[in-house]
Structure formats: C-alpha cells, structure tokens
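Q: Got a minute to walk through this one with me? Here it is.

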Amino acid sequence: MRRHLKSLVALIGILLVIESEPGLACALSEVACLREAYSRPFAQWPAPQVDAGVAWQELGPLPERAPSPEHNPYTQQKADLGRQLFFDPRLSRSGQIACASCHEPDLAFADGRRVSFGHDRAAGRRNAPSLVASGLAEHLFWDGRAASLEMQALMPVVDPKEMAFSVTQLVARLRDSTDYPAQFAKAFPGQALGAEQVAAALATYQRDLLRVAQRTPFERFLRGQAKALSDQQLQGLHLFRTKARCMNCHFGPALQDNRFHNAGLTFYGRRREDLGRYEVTGLAQDVGRFRTPSLRLVSHTGPWFHNGLASSLDQVLLFYNAGMPRPVPKGAQLQDPLFPVTSAQFEVLGLDRVELKALKAFLEAL
C-alpha cells in the first residue's frame, strides 16, 4: 500500500509538470516533481522568470577551456608559461607580489579580503573577483575597462597600488633572467620576448582555469548525474530560475550576462564612493554600474560585491531579497544628473527562511 501511495504522489507531481506551461506548478516540497522536470533536456526545463527584453541563455555545462582568439591560439606551452608567470613575484616592482597574491587557487582565484592590497601594502578600493570564468567574460575588471584577457593581463603590473612596475622594466627583467628566455622561445617560436608575449601567456593560462569549476555538484548535475544535487539544492535551482529572479543577470554556462548593473552600493557622495562603469565611459547612466560576476564557485569567493561589503552568502541573499538599496536624492541632489539609480532588475523577492536556505544551498553547489 505504501509503495502504491508513493507511486501515486510521484505520478501527480509528473502530471503537474506536464500540465504547467510555461512555469512549474509544484510546490518546493514536491521534490519528485522537480526532479522529473530537471531530468529533461535543458531546452525542456521550466522557463525562468526574466524581465522582458533580457536576452538570457539556458544554463549548461562549461567547456573544457575558454575559447582563444585567432591571434593567440591555445598551446600547452603557452599555458604552462602563463602559469609560471602568474605565480612569479618578479612581475612586480618589489619582487614580492604575484598575480596569485590577489587570486589564490584555494579561494577560487579570489583572495578572501574585502579589498586587495598591493605595493607597500597599499589597499585598493575593490574586491578581487574570481578569475575562474574570466575567459568567458567580454569585459574584465569590475568596471569593464579591459576588453580581453590580453588587454587586462599587464594592467595590474603598471597599477601603482598593485604591482607598481612598468612594462619596459618587466620585459627587461624577464630577458635578463636565467629561465624565461628559453621558455618564451619554446612557447613563442620565432618571436622576441616582449610585452605582447607576456600578456598572451598569462591570458592563455587564465582561459584554462575553467577546469577548476568542472567538478562541482552543479557541473556534475548538468552532465547527467541526477543525484549530484541534494533535494534542497534542487529546490534552490528552481528558485534561482523563478521566484528569486537570478536568471535576469546570471545565466548560460558562465552564470553571468556580460553586462553592468547598479546594485545600489555606490556610496555616492560619501567616503567609500565608487562610480564604477562611469569612470570608463563618462556616461551618466553608468554611474554605479558594475560588471555582473560569474557565480561559478561563488561560495568560495567572498567577501562579495565590488567593495566586499557582504561577509557571508546569507548577507548577500538578504540584500537581494530586500531588492537592494535604493538611495533617494535630497536637496541639491534632486538636480544632480549623476545621482545613481539602482537597476530595475532588483526587486523585493519575499523569499521566506526555507527558500533562502534552499537558494544558499544551490549557490554552494556551484
């Protein structure tokens, strides 16, 4: 009798899935319903709740590595050289700071600090983002000032608060070393050791970092291991796609939209002010906008937000559940064309405690 009752419950759940269009008409407690729905091909998954005009892409597994541009095709020799450069403090003026100082493998290639520090322990003003999915990003840095990994690679080297060096001095140091000339000759046959080759090697290594996220529970789930997600994580996946509205900005294999949004954390006119994308474009609508980060390995990349404001995923979810801050102009600010406006994608969600726990559990599976 008990066996028949379980079968009947499962059948009801399946019928609810079949009858629902385009959403999913089963409660979070009906795990059998969710498992049936998400056992289907990606194209048949319950439709996400996204705003009109959002060009979202379905979730999917990561490629083996990020695609390389024609001018810098992937080779293992370049990736190996890039890895050595990435961990080498000789790329900094002091000889004490490497790329890995702010992007540590054990922290999903972030650094675990609210803001990073660099030359002479000078504190930066932004949180170090994870580099794991950087090869799938169309814009690099929080403000998107670099359009490729090759362009991005040497910017920290010359930043006075980061590695405080110069490209000319770096190239000279590498040419004078006992190890690098032969390695560059092997990775770039027929080419002189120069800034372009340094950037190309570093970019090639970063495109190889996707492998770090290819053993997560969610990635295994995407590759057909139905039990890789727990019941709670599966419920979180469905919330992620529906009531929590996450897929307005986090979708596709990289779980990001390659766009910029104002999350209400500009601190406009205050000590911690950061105008974000506006500093690159000079456009008033870009004040306070920052690049959407990938959520791959997100539970390992805290503190979160561009300024490291949130110290836990619980805090992050509370921010989003409340619809993010919405500063209101007062007095002279009423006429200020640069007063930041929180992006419309952020709405009060009304998630209860059980739903927040399920959503957090899903984020931990990424």
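**Domain, cysteines, cores**

A: Sure. In this predicted model, residues 77-178 are 27% helix and 0% strand. The end C-alpha atoms of that span lie 18 Å apart.

Q: What does UniProt call residues 77-178?
A: The annotation reads "domain: Cytochrome c". It comes from an unreviewed UniProt entry.

Q: Switching to cysteines. How many disulfides does the structure hold?
A: Zero.

Q: Why no bond for C102?
A: Its closest cysteine sulfur is in C99, 8.9 Å away, so the gap is too far for a bond. The cut-off for a disulfide is 2.5 Å.

Q: And is C102 buried or exposed?
A: Buried, at 14% relative accessibility.

Q: Which cysteine sulfur is closest to that of C246?
A: The one in C249, at 9.0 Å. That is also too far for a bond. C246 is buried, with 18% relative accessible area.

Q: OK, packing. Which residues have the most contacts inside the largest nonpolar core?
A: Y38, F218, F221, L237, F240, L363 and L366. The core has 42 residues.

Q: Which helices each supply at least two residues of it?
A: Helix 2 (31-37), helix 9 (217-222), helix 10 (231-241), helix 12 (313-321) and helix 13 (353-364). Helix 13 gives the largest share, five residues.

Q: What does L237 touch, leaving aside neighbours within four places in sequence?
A: L237 is in contact with Y38, W45, L59, F218, F221, L229 and F362.

Q: What lies apart from that core?
A: Another core, of 39 residues. Among them are L136, L170, L193 and V198.

Definitions and conventions: Residues numbered from 1 in each chain as written. Predicted model: local features only at pLDDT ≥ 70, side-chain atom pairs only at ≥ 80, totals over all residues. Heavy atoms only, no water. UniProt positions renumbered as here; feature names shortened; annotations may be inferred. Helix = DSSP H or I, 4+ residues; strand = E, 2+ residues; numbered from the N terminus. Buried < 20%, exposed > 50% of the residue type's maximum accessible area, 1.4 Å probe, protein only. Core = buried A, V, L, I, M, F, W, Y, C linked by side-chain atoms within 4.5 Å. Contact = heavy atoms within 4.5 Å.
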